[in-house]
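Reader: I am new to reading protein models. Can we go through this one by asking how each label is earned?

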Amino acid sequence: MAAQPVLRTVTDTPDDEPPAAAVDHTFALQVASRAGGRQMLRCFACGTCTAGCPVAEIDERYNPRRIIRMVLMGFKDEVLRSEFIWLCAGCYTCQERCPQGVRVAEVMRTLRNLAVEEGIVHPAFKAQAELIRGMGRIYEIEDFDNKKRVRAGLPELRKTLEDIKTLFERQKLNERLG
Amino acid sequence: MNDSGNGGKRPYALYLGCTIPARVQQYEIASRKVAKALGLEFRDVADFACCGYPIASLDARTARLLAARNLALAERAGCHICALCTACTGSLTEAAHELAHNPELLDSVNADLAAIGLRYTGGVKVRHLVRVFWEEIGRPKIEAALTRRLSGVVLAPHYGCHYLKPSDAHGDFEDCEAPHTLDDLIRWTGARPLDYPRKLKCCGGGVLATDEKLALGISREKLRDVARRGADAITLVCPFCNIMYDTNQKKIETMFGGELGVPVLFFPQVLGLAMGFEPRDLGIQMNRVQPKGLLDKIGIKRAFCRTSVAQAVSL
């Protein structure tokens, strides 16, 4: 007689299951309630997103299918504290190809927004935000640049755009960036 | 006001964004010259600021607000927006699309814009310059303006991701899996567009700030593909893609080894050459990898485009 297969009963806990505290079963719904998040609940993990991703192609740290799986399974802390959510290039290839209409690139953006709300901000993005708040643009325009522009027959540009600060303050973005 | 059919009447304000004036002025110079020669007059709105794109990763709402601020400025000036950067085009297009379809968002954005004396009611059209060339200027007018057909020249088109995507925000202007507008424009100049396996791949610019080696590794894949197939140049429509392929090409060679030597031209520089402008009129001397073979093919002496190290460094 053939040996009976050993099946794991539902009461067994696999060794690799993370401790209960690391799982937040509301996480998927938190993401789904944001712009672009609702369709994520339809993900059937086919991997089209990862297959066409220019980042995943050369760097295995980034895997959009895995990230969405982790969100759906509630690994909030692990996802929001990861470096991988900051590795999406934002090219939208995944989003355009997803057979389930998941707005993958927008989900990645939402995850970054949620990380910021938890006080986890990537330093490169924080630096860009500070430049924009200060001058209204990422690169400084100096007198020298404007002189060069005038010589080339181009109109001068404003060096700073003060009203941007007002918009940042109204959104309380400074406080969130720490 | 609707989204179509009024192209010729309401003028375009030229939207430069942050990167072009600071790092790739040649794109602005060539775009203004070529557009003017084709009868497209731009207005300039001095208060335009960041499009919001870099902020979207931190706070989607602030990003939309920054985009809406630019839309409101264009509306006040009685203009539509013509952008040169694909990231700016994408950010402003997404915002215009969202504000047109979500009246609650529009109200709340206006509550914030009121604090800086602005209001957006809608109707500002956002277009990338190359789309305007294809859609509004059109083939007969462009072909009539040519004085130097680029016969025998092979160009690898690189569509910046946000020129096409997200496709719903762009009104499904063209199939982002099989785009043809830039290919068509290349053909209209007499050159041949190269069809190559990595044609639709992203430049990697989106992760340059977070992981330089990863970003440059992504750029390298396309440069190698184009180099292997022997195109005379890549032609593209975005300052950031240009920074990845042209400005950083030497760095990529150093970082990964091997020589690439792929010239990179902004499409308005290509069109300008075909319209009889000299390389210097189009700022081609500011491009890092000089298109020597291409200029030889169309009979332009190289002396026109030689650049000094000092000029290159000053950019």
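Author: Start with the two domains of chain B in this predicted model. The C-alpha centres of domain 1 and domain 2 of chain B lie 24 Å apart. The assignment puts domain 1 at 12–128 and domain 2 at 139–314.

Reader: How many residues of each domain take part in the contact?

Author: Domain 1 of chain B gives 23 residues and domain 2 of chain B gives 29. A pair counts when the C-beta atoms lie within 7 Å.

Reader: What supplies the largest share of the side of domain 1 of chain B that touches domain 2 of chain B?

Author: Helix H2(B) does, with nine residues. By class, that side of domain 1 of chain B has 10 nonpolar, 10 polar and three charged residues.

Reader: Why is chain B called as compact as a globular protein of its length?

Author: The globule rule gives 20 Å for 315 residues. The radius of gyration of chain B is 19 Å, close to that value, so the label fits.

Reader: How do you know that the length of helix H9 of chain B agrees with its residue count?

Author: H9(B) has 18 residues, 212–229. At 1.5 Å a residue they should span 26 Å. The end C-alpha atoms are 26 Å apart, so the two agree.

Reader: What makes a residue of H9(B) buried, and which ones are?

Author: The cut-off is 20 or more other C-beta atoms within 10 Å of its own. Among those that pass in H9(B) are Ala215(B), Leu216(B) and Val226(B). Their cover includes helix H3 (54–58) of chain A and strand E5 (154–158) of chain B.

Key. Residues are numbered from 1 along each chain as its sequence is written. Chains are lettered from A and ligands numbered from 1 in the order in which they are written. This is a predicted model: local features need pLDDT of at least 70, side-chain atom pairs count only at pLDDT 80 or more; totals for chains, interfaces and linings use all residues. Helices (H or I, at least four residues) and strands (E, at least two) are DSSP runs, numbered from the N terminus. The expected span of a helix is 1.5 Å times one less than its number of residues. A residue is buried if 20 or more other C-beta atoms lie within 10 Å of its own, exposed if 12 or fewer, and partly exposed in between; C-beta atoms are placed from the backbone. Two residues are in contact if their C-beta atoms, placed from the backbone, lie within 7 Å. The radius of gyration is taken over C-alpha atoms; the globule rule is 2.2 Å times the number of residues to the power 0.38. Domain bounds come from an automatic or database domain assignment. Ala, Val, Leu, Ile, Met, Phe, Trp, Tyr, Cys and Pro count as nonpolar, Asp, Glu, Lys and Arg as charged, and the others, Gly among them, as polar.
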